[in-house]
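Colleague: Could you take me through one part of this model up close, and then show me how the rest of the chain sits around that part? I'd like one connected story rather than a list.

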Amino acid sequence: MAFASKIITCLLVLKVYMAAPTESHITCGIVTSTLAQCMGYLTNFFPVPSDYCCAEVKALNQMAQTTPDRRQVCKCLKAVAKENKGFINIELVGTLPTICGVSVPYPFNFSTNCDTISTAV
């Protein structure tokens with residue numbers, strides 16, 4: 001009987017680890033700090049993003065591997081761009097993944113519906 005309870009416990013633990021996360025672990029603070037490294041480019045001060053900016057974009061992409069995380073990043077990007085409209089060029093925010101060599105399964109702009117973003121390609 002003890003063996004059966006150990007098996008059941010292991011199966012329950014495995015189920016918890018395999019369950020899809022429903023909350024993002026990425027905060028808007030993380031997204032904002034990433035964008036801070038890209039401000040020269042996003043404000044049209046520099047013609048291309050710096051290597052440091054691209055390193056941060058790549059790191060953020062690595063962190064955002066789940067659907068909730070990708071949706072959270074999208075929502076934060078839109079909020080930051082909206083708060084800084086006229087200062088940040090939203091079109092340039094959308095070019096960061098391509099210029100930095102990061103593949104994301106959705107385009108980013110003000111009309112992007114963040115709630116439809118998923119990790120599926």
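**A close look at helix 6**

Modeller: Let's start from a single residue: V93 is buried, with a relative accessible area of 5%. Keep in mind that this is a predicted model. V93 sits in helix 6, and its contacts, leaving aside residues up to four places away in sequence, are L42, L77, I88 and F108. There is also a long-range relation to look at: M39 is 54 residues from V93 in sequence, yet the two C-alpha atoms are 9.8 Å apart in space.

Now widen the view to the helix itself. Helix 6 covers residues 90–99, and its buried residues are I90, L92, V93, L96 and P97. Looking down the helix axis, those buried residues fall within an arc of 160°, so they line one face. The background to this is simple: an α-helix has 3.6 residues a turn, so residues three or four places apart point the same way. On the other side of helix 6 you find E91 and T98, both exposed. What does the buried face pack against? Its partners are helix 2 (28–36), helix 3 (39–42), helix 4 (51–63) and helix 5 (67–83).

The two ends of the helix deserve a glance as well. At the start, N89 brings a side-chain oxygen to within 2.9 Å of the backbone nitrogen of E91. After helix 6 comes G101, with a positive phi near 75°.

From there, follow the chain into the segment after helix 6, where T112 lies. T112 counts as buried because its relative accessibility is 11%. Its contacts, again not counting residues up to four places away in sequence, are C74, K78, Y106, P107 and I117.

D115 is in that segment too, and it brings us to charges. Its side chain meets that of K75 in a salt bridge, 2.9 Å from N to O. The pair ties together distant parts of the chain, with D115 in the segment after helix 6 and K75 in helix 5, 40 residues apart. Neither end is buried: D115 counts as partly exposed at 48% relative accessibility, and K75 is partly exposed at 41%. A search of the whole structure turns up 1 salt bridge.

So where does that leave R70, which also lies in helix 5? R70 is buried but has no salt bridge, and the nearest side chain of opposite charge, D69, is 8.3 Å away. What its side chain does reach is the backbone oxygen of A64, at 3.3 Å. Beyond four places in sequence, R70 touches N61, A64, Q65, V104, P105, Y106, I117, S118 and T119. Y106 and I117 are thus among the contacts of R70, and both are also among those of T112.

Finally, step back to the whole protein. There are 6 helices and 0 strands, and from the N terminus on the order reads α-α-α-α-α-α. Of the 121 residues, 31% are buried. Among contacts with a separation of 6 or more, 74% come from residues 24 or more positions apart. The accessible surface comes to about 7900 Å², and 62% of that belongs to carbon and sulfur atoms.

Methods. Residues are numbered from 1 along each chain as its sequence is written. This is a predicted model: local features need pLDDT of at least 70, side-chain atom pairs count only at pLDDT 80 or more; totals for chains, interfaces and linings use all residues. Side-chain values use heavy atoms; hydrogens and water are left out. Buried means under 20% relative accessible area, exposed over 50%, partly exposed in between (1.4 Å probe, protein chains only). Helices (H or I, at least four residues) and strands (E, at least two) are DSSP runs, numbered from the N terminus. The arc is that of the directions from the helix axis to the C-beta atoms. Contact means heavy atoms within 4.5 Å. A polar contact is a pair of N or O atoms within 3.5 Å; within protein, one must be able to donate a hydrogen and the other to accept it, and residues adjacent in sequence count only if both atoms are side-chain atoms. Lys and Arg count as positive and Asp and Glu as negative; His and the chain ends are not counted. A salt bridge is a side-chain nitrogen of Lys or Arg within 4 Å of a carboxyl oxygen of Asp or Glu. Accessible areas come from the Shrake-Rupley method with a 1.4 Å probe; for residues, only the protein chains shown count as cover.
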